[in-house]
Amino acid sequence: MSNEKALVIFSGGQDSTTCLLQAIEQYGAAQVEAITFYYGQRHAVELERARWIAQDLQIRQTELDLSLMQHITHNALMDSQAEIKTADNGLPTTFVDGRNALFLLYAAIYAKSQGIRHIITGVCETDFSGYPDCRDVFVKSMNVTLNLAMDYAFQIHTPLMYLSKAQTWALADQLGRLNYVREHTHTCYQGVVGGCGSCPSCVLREKGLAEYLAGRQAGAQ
Ligand code: ZN
């Protein structure tokens, strides 16, 4: 186990919770911190979940308010009246311009202040809807920028980058935490506790879980 510290960008969803559990395994709970951003998401339930999980896992959590985003950009993640669909530009209307760049910047500023080099984020370019700031090339470029900006050797880790949703469930299972992630994480765009079952986020999550469980069952036979 490494004796270095790690900071996980943590929303309380399936992906970042899996990253948090993996970081605890790799670095030890005492060496791991979480940072959670509020940016005017439609639903507070996500933040409550994040708080609950961090407390349950005894992880120090910092919350940062980035709700000023609402004054300068518009999208369906932050506006409960807007429709969730694929826009004419090919991007889902839930895409938030600049979100991951901001998250990584604030995470890095905080991490450096705590002597933390390792920053972990659950972004993933495999299954997802083509968010440009979830691409590996963006994260690598941001890593270089942050190191130059603060003259510090940050290392950004993206353990889920090339995993499908089914493989992310498999990772939770390897960590012995499949049911924990299933029961306690929140991913629904509509903010329905337990999932609405029909928004793109719920569909992706349930499809991945069904795929993984079917594969696991087939493997066991
Ligand atoms: Zn949903």
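Colleague: How far apart are the end C-alpha atoms of helix H4, residues 99-113?
Modeller: Helices here are DSSP runs of H or I with at least four residues, and strands (E) have at least two, both numbered from the N terminus. The expected span is 1.5 Å times one less than the number of residues, so the 15 residues of H4 should cover 21 Å. The distance between the end C-alpha atoms agrees with this, at 21 Å.

Colleague: What kind of model is this?
Modeller: Residues are numbered from 1 along each chain as its sequence is written, and side-chain values use heavy atoms, leaving out hydrogens and water. Local features need pLDDT of at least 70 and side-chain atom pairs count only at pLDDT 80 or more, whereas totals for chains, interfaces and linings use all residues, since the model is predicted.

Colleague: Which element gives the most to the largest nonpolar core?
Modeller: A nonpolar core joins buried Ala, Val, Leu, Ile, Met, Phe, Trp, Tyr and Cys residues through side-chain atoms within 4.5 Å; buried means under 20% relative accessible area, exposed over 50% and partly exposed in between, with a 1.4 Å probe and protein chains only. The largest such core has 32 residues, Leu104 being among those with the most contacts inside it. The greatest contribution, six residues, comes from H4.

Colleague: What is the arrangement of the four donor atoms around the zinc ion?
Modeller: Donors are N, O and S atoms within 2.8 Å of the metal (3.2 Å for Na, K and Ca), water not being among the atoms, and here they are the SG atoms of Cys188, Cys196, Cys199 and Cys202. Four donors count as tetrahedral if all angles lie between 85 and 135 degrees. Because the angles here are 105 to 116°, the arrangement is tetrahedral.

Terms used. Tetrahedral: all angles 85-135°; square planar, octahedral: opposite > 155°, others 65-115°.
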